[in-house]
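User: I'd like to go through the labels on this structure and see what stands behind each of them. Can you take my questions one at a time?

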Amino acid sequence: MSAAPTAGSASQVAPARKYPVNPWPIALTVTIATFMEALDSSIANVALPHIAGSMSATADQATWVLTSYLVSNGIILPLGAWLSEVMGRKRFYMTCVALFTISSFLCGIAPSLGMLILCRILQGAGGGGLQPSEQAILADTFPPERLGMAFAIYGMAVVLAPSIGPTLGGWITDNYSWRWIFYINVPIGIISLLLTNHFVKDPNYITDQIARQKQSRVRPYVDYVGIGLITLGIGCMQVVLDKGQEDDWFASHFITALTVISLTSLVALVIWELRQKKPVIELRLLKNANFAAASLMMFVLGVVLYATTALLPLFLQNLAGYTAGLAGLVLSPGGLILIVTMPMVGRLSSRVQARWLAATGFLITGLALLHMTRLDLQANFGTYVRDYIFQRLGVAFMFIPINTLAYLDVPPGKNNQVSSMVSMFRNIGASVGISMVATLTQRRAQIHQDTFSMHVSRFDPAYRDRLSGLTNQLMHGGASTPGRDAASGRQHLQNRPDPGEYRSVPRYAQDSQRDLPLLAPLLMLLKRNDPRGKKAIAAH
């Protein structure tokens with residue numbers, strides 16, 4: 001009797017390792033759509049002014065093009081595991097690719113802003129299932145000792161795409177039209193569908209479960225309450241994080257109401273799901289200290305990864321005088337370095353324990369952020385590029401080991417749930433990071449602006465000396481009217497770069513570098529894995 005479960009478990013693992021084709025075509029196939037989706041999460045950012053202008057909308061209204069995508073994407077992420085079990089993972093994945101592709105085309109032909117926002121909601125819903133599905137497919141396709149290399153391919157798509165998205169989006173918008181940032185998804189989506197249909201297959205434990213459901217002729221249990229609470233909790237939270245700083249946070253009744261709804265829904269979700277036999281999101285996995293620690297580190301990785309990507313281009317364009325294209329070139333080498341380091345870390349993961357690789361990643365990232373605290377407007381192009389490459393090098397050493405550790409010692413058949421929850425934590429971390437950067441920049445700018453304004457007065461000796469010096473410089477430069485020179489000097493002082501924005505990148509780096517060591521105790525909670533054997537992943 002005791003041998004039966006062991007045999008059953010072995011039979012569930014076997015199909016993932018006996019595909020009729022090499023596993024690498026499967027990895028590349030599912031990475032295509034994931035790269036497309038990750039790229040679309042950032043490619044539309046630079047096109048917002050063009051979208052607003054062509055549709056006679058305000059800049060504030062146009063930002064809903066981004067918010068709507070993030071909200072629907074965030075809602076689907078935790079639901080992906082349940083949908084994969086109900087529909088079958090391959091069918092769910094192909095449905096997501098098809099929905100993403102069709103809605104991308106509809107975004108391109110959208111005649112109004114309202115229709116564009118509606119199509120972006122559909123696009124986000126389709127894209128939300130791609131990343132966790134790919135991760136689960138890779139976990140069931142590759143043996144444990146090769147899973148690091150599989151996650152290296154996945155990491156290049158998830159991490160590289162957001163880095164090059166603004167650059168590619170700016171080039172397409174400037175040379176063609178903003179509508180083409182959506183049209184380019186159509187042929188890629190069609191190719192992904194064809195390849196997925198040919199290469200990807202569901203593992204036995206999913207096909208057997210669906211077969212049993214059909215034979216029983218009993219409709220599968222649907223946790224409608226859980227789905228509703230996830231929709232309210234995650235959806236409202238995404239809107240709060242995206243619009244909070246713009247609406248002055250809790251000074252806005254809208255943001256306050258959404259915050260209360262989100263917190264209430266999430267607390268109710270935890271209580272409800274822990275009491276369900278078939279929950280829509282398996283929160284019991286967080287009882288595993290190893291998985292809980294990996295999830296928290298993935299949240300921090302999302303903060304670090306997206307906050308820097310959002311802040312540095314704004315710093316370069318608004319203060320350093322860089323064009324959008326030149327700012328994109330600063331980020332691009334950081335993305336390209338991942339193409340080299342991700343496979344390298346993937347190979348190391350088969351020789352070195354994952355927790356030590358993760359510790360190396362945190363150390364490199366901390367040192368990179370420490371170096372970024374010294375950035376100022378006197379830095380040259382090479383300095384910005386070098387610091388960003390250094391920071392991205394640490395991300396490569398964190399991403400693959402953390403993903404590998406998340407699957408360590410999980411219950412059989414929980415790959416889908418693990419993938420959905422890890423992706424959800426990274427997505428929430430990204431939203432928190434971007435929101436944190438926006439709030440930090442604006443609040444510090446207000447503080448410094450107030451301090452600066454106190455000293456810009458004709459009664460301040462330092463101000464009078466500086467104004468006199470500027471007036472003399474203008475006169476020596478060819479100006480002839482003293483009154484006009486003085487007015488020009490005052491205008492120069494008033495229009496100088498905001499000191500709060502000037503300190504935004506160093507301040508963020510200083511705060512992050514100070515907080516990263518707090519994660520060191522989590523590394524002690526992570527279990528030892530056998531990188532050369534088959535103990536790294538529990539049997540499925």
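Analyst: Sure, here is a run through the labels and the values behind them. Keep in mind that this is a predicted model. As a backdrop, the protein has 24 helices and zero strands, and 54% of its 540 residues count as buried.

User: Why is Phe-182 called buried?

Analyst: Buried means under 20% relative accessible area. Phe-182 comes in at 0%, so the label fits. Phe-182 sits in helix 10 (residues 180-183).

User: Which residues does Phe-182 touch, beyond those up to four places away in sequence?

Analyst: With that stretch left out, the list is Asp-40, Ser-104, Cys-107, Gly-108, Leu-116, Arg-120 and Gln-123. Thr-101 is 81 residues from Phe-182 in sequence, yet the C-alpha to C-alpha separation is 8.9 Å.

User: What about Asp-387, is it buried or exposed?

Analyst: Buried: the relative accessible area of Asp-387 is 3%, and the cut-off is under 20%. Asp-387 belongs to helix 18 (residues 381-406). Setting aside residues up to four places away in sequence, Asp-387 touches His-371, Met-372 and Leu-375. Gly-334 is 53 residues away in sequence and 8.9 Å away in space, C-alpha to C-alpha.

User: Why is Val-352 called partly exposed?

Analyst: Partly exposed covers the range between buried, under 20%, and exposed, over 50%. Val-352 has 29% relative accessibility, so it gets the middle label. Val-352 lies in the loop that runs between helix 16 (324-348) and helix 17 (354-372). Pro-401 is 49 residues from Val-352 in sequence, with 9.9 Å between their C-alpha atoms.

User: And how do you know that Asp-247 is partly exposed?

Analyst: By the cut-offs of 20% and 50%: Asp-247 has a relative accessible area of 28%, so it is partly exposed. The loop between helix 13 (224-243) and helix 14 (253-274) holds Asp-247. Its contacts, not counting residues up to four places away in sequence, are Ser-252, Phe-254 and Ile-255.

User: What makes a set of residues a nonpolar core, and how many residues does the largest one have?

Analyst: The members have to be buried residues of the nonpolar kinds that count here, joined through side-chain atoms within 4.5 Å. The largest such core has 83 residues, and Leu-138, Met-342, Phe-399, Ile-402 and Val-418 have the most contacts inside it. Take Met-342: leaving out neighbours within four places in sequence, it is in contact with Ala-152, Gly-155, Met-156, Val-159, Ala-396, Phe-399 and Ile-400. A second, separate core has 24 residues, including Ile-43, Ile-117, Cys-119 and Trp-178.

User: What makes the second largest cavity a cavity, and which residues line it?

Analyst: A cavity is space where a 1.4 Å probe fits but cannot get out. The structure holds two of 30 Å³ or more, and the second largest has about 30 Å³ of space. Its lining consists of Gly-80, Ala-81, Ser-84, Pro-132, Ser-133, Ala-136, Asn-416, Ser-419 and Ser-420. Helix 5 (64-87), helix 8 (130-141) and helix 19 (415-455) each give two or more residues to that lining.

User: How many residues of that lining are nonpolar, polar and charged?

Analyst: The split is three nonpolar, six polar and no charged. Gly counts as polar in this scheme.

How values were computed:
Residues are numbered from 1 along each chain as its sequence is written. This is a predicted model: local features need pLDDT of at least 70, side-chain atom pairs count only at pLDDT 80 or more; totals for chains, interfaces and linings use all residues. Side-chain values use heavy atoms; hydrogens and water are left out. Helices (H or I, at least four residues) and strands (E, at least two) are DSSP runs, numbered from the N terminus. Buried means under 20% relative accessible area, exposed over 50%, partly exposed in between (1.4 Å probe, protein chains only). Contact means heavy atoms within 4.5 Å. On a 1 Å grid over the protein atoms alone, a cavity is a set of points where a 1.4 Å probe fits but cannot get out, and a pocket is an open set with protein on both sides within 12 Å along at least five of seven lines; lining residues have an atom within 4 Å of a point. Grid points are joined across faces, edges and corners, and a volume is the space filled by probe spheres set on the points.
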